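Visitor: I should like to take a close look at a single part of this structure. Would you please guide me through it, step by step, and then place it within the whole?

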Amino acid sequence: MNASIIDPLQGDFPEVIEEYLEYGCMKCIAFNRRGTLLAAGCNDGSCVIWDFITRGIAKVLSDDGCSSPITSICWSKFGHRILVSAADKSLTLWDVMSGKKITRIVLQQTPLQARLHPGSSTPSVCLTCPLSCAPMIVDLNTGNTTLLKVSVSETCNGPTPPLRNKCSDGVTSFTPTAACFNKYGNLVYVGNSKGEILISDYKDGKVRALVPTSGGSVIKNIVFSRNGQYLLTNSNDRVIRIYENLLPLKGEVKALDDMGENLTDLSSIEALKAVGSKCLTLFREFQDSITKVHWKAPGFSGDGEWVVGGSASKGEHKIYVWDRAGHLVKILEGPKEALVDLAWHPVHPIVVSVSLNGLVYIWAKDYTENWSAFAPDFKELEENEEYVEREDEFDLIPETEKVKGSDINEDEEVDIMEFDKDAAFSDSDMSQEELCFLPATPSRDSPEQQEKCVESSSKLVDSNNTGSPLSEEAGPNGHAMDHASSPLADDAGGRMKRKRKPSEKVLELQAEKVKKPSKSSKSAKSKSKPSVDQDDGNGFYGDGLYDD
């Protein structure tokens, strides 16, 4: 679609299913930073990477030691590594280019979600949210784990209750807790079962601030926008809340220390809440007040202007899209399959969703051409009109511009070495080589396909030697083909020529003969059919003219 004829007032959000991807039974998805590659975790423990430009498979990562379903998948900042968590309690770090496994760690609990540290190009630290345990920081090199606090007591720096801070084997101590890094990974935001957001330092695990939510319900999902300015929470009260981040994007730890210095006269919890009020402020709430639906995999668009959430109801594949002002702008209705996961493309207005059956659906805009949106005086013509151009209309420099003169300084030097940074990737480290595409690796045909190719090639050679066309027995796709019904026919010289239509006079004679059949014609019909046209193709129109 030509960008010059797209109506800018249509809205940058998807509208229809453009395509779907199929490979095994996919369960979770994640885009790389540029949106050129899409990784999907499968039910058999493998991870398939799609080239999102060509919609072809670029690489498949599989480990013989892991055949359990993948629970989450995460790219590193520059796309060189992928972290995969599986239902067999394992964390696997892959090198994307080589397709080799870097390390594999087995935890005590099943990790529902794992996220690599966003501040490093080659991260070795991740944040993991287990099934029945507090979130933890995992060192992928050593395997060491550090549990994060999910609640605070009156003595903030004292020990937390054992059930809230330790994993007990075989016993679910509390509901799964959601957690995420901030933009540069210096802080971890944890949402607990009390409806509180704890802001902790990921290095020492110390809680720096506490933000109670208005609903007080269990927080199931927590995620930052791409630019780090907004935080989204999905609670058990079926409300999606958007908070505005008041902390600076860099130096946020020092800012928290400065806030806490002046609150020594308050109790520990009150001081944490006072600091939390200066960290996050409620910006907007989203919910379906009619159906009261639970939400699945909520998130932001790449530019943070749209909020998306999937319906968690069984048997329906609905995606809700809101603008940041809180207005519901679109409900995308897909097939009658439950929605498992979804992701918004980092750059384009494209949403990718995963169904319960393992298919990945690609939602895109339904573009319509509107030329008048760019040229208000543009007039669409229903039929051609004669137009007389001006004398200088197609001159390189019209006479009117020659009189005005040029304001361009032709002596000014043009800088061709530097280029403007993309606003969506303003924090890119240009010295770091980012992995955007994977080289194509052609796969060999199976023995059965090779045998079919040999048979077809031998038939082709035999037909060329004998001069008889293959299509007498079968067409190119194996279907029978009738030469009489083809608009092309072979002449004596071996050339292909199109059948000639009968003239009007011939058609009139045919019509008269059909209306007034004579006895002689009936007797002649039993012997032989008369020739209507002397051309090679007379049989094409002559067959069936004299049938009763």
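Guide: The account below begins with one strand, β3, and then moves outward to other parts of the chain. Please bear in mind that this is a predicted model.

Strand β3 covers residues 37-42, and 6 of its 6 residues are buried. What lies on its two faces? Leu37, Ala39 and Gly41 are on one side, whereas Leu38, Ala40 and Cys42 are on the other, and both faces are covered, with every one of these residues buried.

Strand β3 has partners in the sequence before and after it. With strand β2, residues 26-31, β3 pairs in the antiparallel sense, and the pairing runs over 5 bridges. Two positions show how the residues face each other: Met26 stands opposite Cys42 of β3, and Ile29 stands opposite Ala40 of β3. The two strands form a hairpin with 5 residues between them. In the turn of this hairpin, Gly35 has a positive phi of about 80°. Strand β2 is itself largely enclosed by the rest of the structure, because 5 of its 6 residues are buried.

Strand β4, residues 47-51, is also joined to β3 by 5 bridges, and these two strands run antiparallel. Here the bridge partner of Ala40 is Val48 in β4. Ala40 may therefore be followed in both directions, since it stands opposite Ile29 of β2 and is bridged to Val48 of β4. The hairpin of β3 and β4 has 4 residues between the strands, and Gly45 takes a positive phi near 90° there.

The cysteines of this region deserve a separate step. Why does Cys42, the residue that stands opposite Met26, form no disulfide? The closest cysteine sulfur to that of Cys42 belongs to Cys47 and is 7.2 Å away, which is too far for a bond, because a disulfide requires two cysteine sulfur atoms within 2.5 Å. The same reasoning applies to Cys25: its closest cysteine sulfur is in Cys42, at 7.9 Å, again too far for a bond. By this rule the count comes to 0 disulfides. The surroundings of the two residues may be set side by side: Cys42 is buried, with a relative accessible area of 1%, while Cys25 counts as partly exposed at 23%.

Further along the chain, two open sheets may be described in turn. One is an open sheet of 4 strands in the order β6-β7-β8-β9, with antiparallel pairing. Its edge strands are β6 (70-75) and β9 (101-106), each of which pairs on one side only. Neighbouring strands of this sheet are turned against each other by 15° on average, direction ignored. Within the sheet, strand β7 (residues 81-86) and strand β8 (residues 90-95) pair in the antiparallel sense over 5 bridges. Leu83 has Leu93 of β8 as its bridge partner.

The other open sheet also has 4 strands, in the order β10-β11-β12-β13, with antiparallel pairing. At its edges stand β10 (111-116) and β13 (145-147), each with a single partner strand, so one side of each is left without a neighbour in the sheet. The twist from one strand to the next averages 25°. Strand β12 (residues 136-139) pairs with β13 in the antiparallel sense over 3 bridges, and the bridge partner of Ile137 in β13 is Thr146.

A loop residue may be added to these strands. Leu246 lies in the loop between β20 (240-245) and α2 (252-261). Is Leu246 buried or exposed? Leu246 falls between these two classes: it is partly exposed, with a relative accessible area of 43%. Leaving aside neighbours within four places in sequence, Leu246 is in contact with Ser277, Lys278, Cys279, Leu280 and Thr281. Leu246 and Tyr230 are 16 residues apart in sequence, and their C-alpha atoms are 9.0 Å apart in space.

Finally, these parts may be placed within the whole. The protein chain contains 8 helices and 30 strands. Of its 548 residues, 40% are buried. Among contacts between residues at least 6 apart in sequence, 51% join residues at least 24 apart. The chain exposes about 32100 Å², of which carbon and sulfur atoms supply 50%.

Note on methods:
Residues numbered from 1 in each chain as written. Predicted model: local features only at pLDDT ≥ 70, side-chain atom pairs only at ≥ 80, totals over all residues. Heavy atoms only, no water. Buried < 20%, exposed > 50% of the residue type's maximum accessible area, 1.4 Å probe, protein only. Pairing = 2+ DSSP bridges. Axes fitted to C-alpha atoms, helices over the stretch in contact; angles between N-to-C directions. Contact = heavy atoms within 4.5 Å. Areas by Shrake-Rupley, 256 points an atom, 1.4 Å probe, with all protein chains shown as cover.
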